[in-house]
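Thanks for making the time this morning. I would like to walk you through one model, so please have the sequence and the structure open as I talk.

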Amino acid sequence: MADNAAMSDIQVTEHADLRVRKRLGLPRRAVERQAAAAMEQGATHGQFTGKFRRYLDGVYLRERSANNMRVHAGHLYIFVDDILITCWPLPPHFRNIKPRR
């Protein structure tokens with residue numbers, strides 16, 4: 001039941017729905033679950049250092065409305081509060097970077 005409560009808190013825009021389905025190859029009904037997993041399990045901007053942190057800084061400055069970015073399963077999820085705006089694949093040289101705990 002706790003998972004259902006977390007999923008209902010996450011909203012997905014039409015743009016994000018299209019991007020997640022196209023870039024991750026998920027069916028429409030799985031998009032909200034994936035967004036909830038990214039929000040709960042994804043690493044935040046503050047958990048990274050070095051070049052990857054600077055990459056995330058640049059994304060944050062370009063996406064002015066974004067106030068919550070999560071890195072999960074090789075993708076960058078961009079949220080405004082609890083609304084998923086879009087999802088991008090990470091550049092290949094950053095895909096294996098692990099967050100510090």
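**Leu84, the β4 strand and the pocket**

If we set aside its neighbours within four places in sequence, Leu84 is in contact with Gln11, Val12, Thr13, Ala16, Val20, Ala35, Tyr77, Ile78 and Phe79. Please keep in mind throughout that this is a predicted model. Leu84 belongs to strand β5, and because its relative accessibility is 0%, where anything under 20% is called buried, Leu84 counts as buried. Along the chain Leu84 and Met69 are 15 residues apart, while their C-alpha atoms are separated by 9.4 Å.

Now to the strands themselves. Strand β5, residues 83-89, runs antiparallel to β4 and is joined to it by 6 bridges, and within this pairing Phe79 stands opposite Leu84. The hairpin that β4 and β5 make has 2 residues between the strands, and Asp81 there takes a positive phi near 55 degrees. As for β3, residues 68-72, this strand also pairs with β4 in the antiparallel sense, over 5 bridges, and the bridge partner of Met69 in β4 is Ile78. β3 and β4 likewise form a hairpin with 2 residues between them, and in that turn Ala73 has a positive phi of about 55 degrees.

Which way do the residues of β4 point? His75, Tyr77 and Phe79 point one way, Leu76, Ile78 and Val80 point the other way, and all of them are buried. Put at the level of the strand, β4 covers residues 75-80, and 6 of its 6 residues are buried.

His75, in strand β4, deserves a moment of its own. Its relative accessible area is 13%, and since the cut-off for buried is under 20%, His75 is classed as buried. The side chain of His75 reaches the backbone oxygen of Ala73 at 3.1 Å. Again leaving out neighbours within four places in sequence, His75 is in contact with Arg23, Leu24, Arg70, Cys87, Trp88, Pro89 and Leu90.

Finally, the pocket. The largest pocket has a volume of about 210 Å³, and of the 18 residues that line it, the closest to its centre are Val71, His72, Ala73, Ile97 and Pro99. Ala73 therefore comes up for a third time, after the turn of the β3 and β4 hairpin and the contact from the side chain of His75. The lining of this pocket divides into 9 nonpolar, 6 polar and 3 charged residues.

Key: Residues numbered from 1 in each chain as written. Predicted model: local features only at pLDDT ≥ 70, side-chain atom pairs only at ≥ 80, totals over all residues. Heavy atoms only, no water. 1 Å grid on protein atoms, 1.4 Å probe; cavity = no way out; pocket = protein on both sides within 12 Å on 5 of 7 lines; lining within 4 Å. Points joined across faces, edges and corners; volume = space filled by probe spheres on them. Nonpolar A, V, L, I, M, F, W, Y, C, P; charged D, E, K, R; others polar. Buried < 20%, exposed > 50% of the residue type's maximum accessible area, 1.4 Å probe, protein only. Helix = DSSP H or I, 4+ residues; strand = E, 2+ residues; numbered from the N terminus. Pairing = 2+ DSSP bridges. Contact = heavy atoms within 4.5 Å. Polar contact = N/O pair within 3.5 Å; in protein donor to acceptor, adjacent residues only side chain to side chain.
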